[in-house]
Amino acid sequence: MNSEKSTQLLPPADHFSVLLSPTPRGARLARLLATDWMRDRDLPLRVAEAAEHLVAELATNAATHGRLPGRDFRLVLLARGTTFRIEVTDTRGDDLPHRRRPAPDADSGRGLLLVEALADRWGVKLGPVPRKTVWAELDLPPV
């Protein structure tokens with residue numbers, strides 16, 4: 001029997017999904033995994049840098065405001081066509097994100113302002129109960 005061995009490079013998947021613990025460590029891991037995944041896809045630098053900040057912010061929000069003991073949050077990255085989408089799902093559908101006016105000397109409270117500044121679009125999708133997904137999209141240049 002004659003068998004040929006060949007090495008074939010398969011195209012990288014256009015999506016990534018992972019469950020992470022709702023802790024500062026889980027939020028940091030989300031950013032590191034996203035950065036690594038984006039690097040493998042050769043995303044434009046502008047998109048990759050903005051996406052890294054968006055993942056960090058959305059994952060931190062999930063770990064801080066969406067935290068319930070024993071329930072993880074999910075990070076999903078999707079690159080399709082001319083859109084790069086980041087989704088972070090947690091189990092606190094009762095606590096929707098809203099912009100707050102932080103005190104000038106406050107250490108926190110500016111996250112959604114950052115999301116609005118960096119994302120081309122963003123929003124919140126409810127369900128299935130008790131979940132919510134906060135998503136942000138960045139436009140990719142045409143191929």
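How many bridges join β3 to strand β5, and in which direction do the two run? I looked this up first in the model, which is predicted. I found eight bridges between β3 and β5 (residues 132-139), and the two strands run antiparallel. At one position of this pairing I noted Thr83 opposite Asp139 in β5.

I then turned to the other partner of β3. Strand β2 (residues 73-80) is joined to β3 by seven bridges, and this pair also runs antiparallel. Here I found Arg80 opposite Thr83 in β3. So that the turn was not skipped, I checked the hairpin of β2 and β3: two residues lie between the strands, and Gly81 has a positive phi near 60 degrees.

Is β3 mostly covered or mostly open? I checked residues 83-90 and found seven of the eight buried, that is, mostly covered.

Next entry: the helices. I looked up α1 (residues 24-40) and α2 (residues 45-64), whose axes come within 8 Å and cross at roughly 155 degrees. Angles over 145 degrees count as roughly antiparallel, and α1 and α2 are therefore roughly antiparallel to each other. I recorded the crossing of α1 and α2 as right-handed.

Which residues of α1 meet α2? I listed Ala27, Ala30, Arg31, Ala34, Thr35 and Met38 on the α1 side. On the α2 side I listed Ala48, Ala51, Glu52, Val55, Ala56, Ala59, Thr60 and Ala63. I sorted the residues of this contact into ten nonpolar, two polar and two charged.

Technical notes: Residues numbered from 1 in each chain as written. Predicted model: local features only at pLDDT ≥ 70, side-chain atom pairs only at ≥ 80, totals over all residues. Heavy atoms only, no water. Axes fitted to C-alpha atoms, helices over the stretch in contact; angles between N-to-C directions. Helix = DSSP H or I, 4+ residues; strand = E, 2+ residues; numbered from the N terminus. Parallel < 35°, antiparallel > 145°, perpendicular 65-115°, else oblique. Left-handed = near helix turned anticlockwise from the far one by under 90°. Contact = heavy atoms within 4.5 Å. Nonpolar A, V, L, I, M, F, W, Y, C, P; charged D, E, K, R; others polar. Buried < 20%, exposed > 50% of the residue type's maximum accessible area, 1.4 Å probe, protein only. Pairing = 2+ DSSP bridges.
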